[in-house]
There are 2 protein chains.
Amino acid sequence: MAVTKKEAEGGGEAAEPPPPAARRPGGRTARVRDQVLAAVGPLLVEHGYDGLSVDAVAARSGVHRATVYRRWRDVGGLLADVLDAAGADRWTAPDTGCLEGDLRALNEEVQDALSEESSLAMALIAASFRSAGAADALRRFWEDRYERCVDVVERAVARGELTPPVETRGLLVAATAPLYHHLVLLHGAPDPALPGEAARTAVLAARAGAFGTRSRPE
Amino acid sequence: MAVTKKEAEGGGEAAEPPPPAARRPGGRTARVRDQVLAAVGPLLVEHGYDGLSVDAVAARSGVHRATVYRRWRDVGGLLADVLDAAGADRWTAPDTGCLEGDLRALNEEVQDALSEESSLAMALIAASFRSAGAADALRRFWEDRYERCVDVVERAVARGELTPPVETRGLLVAATAPLYHHLVLLHGAPDPALPGEAARTAVLAARAGAFGTRSRPE
DNA sequence: CTTTTACAGCGACACCTGTCGCGTTAAGAT
DNA sequence: ATCTTAACGCGACAGGTGTCGCTGTAAAAG
């Protein structure tokens, strides 16, 4: 039981050392997982996050309700597993040739992802308030993205746009946070100008010496 | 019915022009509202947002379930009305003597409000994903706060810390957004240094010419 | 090819959500 | 003081949520 819970929270399929040789991830179990995860996406786009119930997922996937509850615990757990399954992609940060361009492109991606009807990202954020599994998945996802975005800052340093040391995480948060604030917290409509403005602001702050850099006199 | 819905979304007690002379906000109706709203707070701190059900509120207040559903529609509507009832306070922005200090003080207030156990603010944000009433109340609340914070920027301009024109809203968002990003979206633990860092970053960006100001050479 | 047992199927359950129609009460207007 | 009707009380309802104990099946170990 505790094992089942752990598996659901992890959401994945690999790395289970606790029982010496117990888990059984092959054949039917894997097939069930595929069926269930395949049902989540379509249901999300058809009925939105509020229409996404464990019952509906179970019915569409042909898997029993109790099985879904046992393995995924709640809707948040389902979304988390979908994210993990799809998040193992090879996304890389944009490379436009200058720091501000990279950050703006990043912000435009964020705005697109959050603005689309029945967005997986938005659903996960909503679920993260009620589901520990979704909250964890979200945290992992963002941590992963920040990790991959160090390139953006390193390239800027290499070009001489910034002088080290740069607190990468702080810069990235400053650049993207206004978007989340507008789209997620204020539930505002997407604003085409916002990605550029937020990127510009973050670059100005960075060049003025925020994030641990020394100001680079012109 | 449409009237009931409107009333619930507005959440308040005044200004109903549609029916010439119909509404009936006195006596019993007002008493019911008081009883219900008085039950929300304690239930929120005792059981948290997830434990806050319409049924529980109805039971504690001694008002019938159906009445609560009719007037407030859902938990989000209840929280929205609590906010409206309490939000008519005379909050004013902090005045510490310098822009960065004001913004830091503002951020510390935000961090405190969002960090407390069973925070009303956090509950409202969570509810805003499932309840139009909560989303509206949240938007109105923030709009009101931004309105009251223009003083901070005006004082900074008067002191010569900034040169007009200043896009006030953009500056305030830049200063506070990283906090929301950390506390609300990443569900992170409160970080005592973050309010100051975010304030400092926003001030640096402002003085570097973001938000429509011209850079003020030293 | 057997045995073990992890995992799925199944139905029951207690509870919360949200809506409905009907009868009752009491604001507010005459 | 009386009438009208907005708003509440009441119980029923059709869902969804999450858990439980049991039985059945098929991975994985021998």
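Helices here are DSSP runs of H or I with at least four residues, numbered from the N terminus. You're working with a predicted model, so local features need pLDDT of at least 70, side-chain atom pairs count only at pLDDT 80 or more, and totals for chains, interfaces and linings use all residues. Residues are numbered from 1 along each chain as its sequence is written, chains are lettered from A and ligands numbered from 1 in the order written, and side-chain values use heavy atoms, with hydrogens and water left out.

**Exercise 1. Backbone oddities**

Find where A:Ser118 sits, and locate the cis peptide bonds that lead into A:Pro165 and B:Pro165.

*Solution.* Start with the general rule: most residues other than glycine have a negative phi, and most peptide bonds are trans. A:Ser118 isn't a glycine, yet its phi is positive, at about 55°. Look for that serine in the loop between helix H6 (99-115) and helix H7 (120-127) of chain A.

Next, the prolines. In chain A, the bond from A:Pro164 to A:Pro165 is cis, with omega near 0°. A:Pro165 belongs to the loop between helix H9 (150-159) and H10 of chain A. Over in chain B, the B:Pro164 to B:Pro165 bond is cis too, with omega near 0°, and B:Pro165 is in the loop between helix H9 (150-159) and H10 of chain B.

**Exercise 2. The interface**

Describe how chain B meets chain A, beginning with contacts and ending with residue classes.

*Solution.* First, contacts (heavy atoms within 4.5 Å): 32 residues of chain B touch 32 residues of chain A.

Second, buried area, meaning the accessible area (1.4 Å probe) lost when the two parts are put together, summed over both. The two chains bury about 3,000 Å², with 67% of it on carbon and sulfur atoms.

Third, salt bridges (a Lys or Arg side-chain nitrogen within 4 Å of an Asp or Glu carboxyl oxygen). Two turn up across the interface; A:Arg130 and B:Asp50 form a salt bridge at 3.0 Å, N to O.

Fourth, which elements of chain B give two or more residues to this side? They're helix H7 (120-127), helix H8 (132-148), helix H10 (168-185) and helix H11 (194-207). H10(B) has the largest share, nine residues.

Finally, the classes on chain B's side: 21 nonpolar (Ala, Val, Leu, Ile, Met, Phe, Trp, Tyr, Cys and Pro), five charged (Asp, Glu, Lys and Arg) and six polar (the others, Gly among them).

**Exercise 3. Salt bridges overall**

How many salt bridges are there over all chains, and what does the A:Arg33 and A:Asp81 pair tie together?

*Solution.* Searching the whole structure gives 26 salt bridges over all chains. Among them, A:Arg33 and A:Asp81 pair up at 2.7 Å, N to O. A:Arg33 lies in helix H2 (residues 27-47) and A:Asp81 in helix H5 (residues 75-87), both of chain A, so this pair ties together parts 48 residues apart in sequence.
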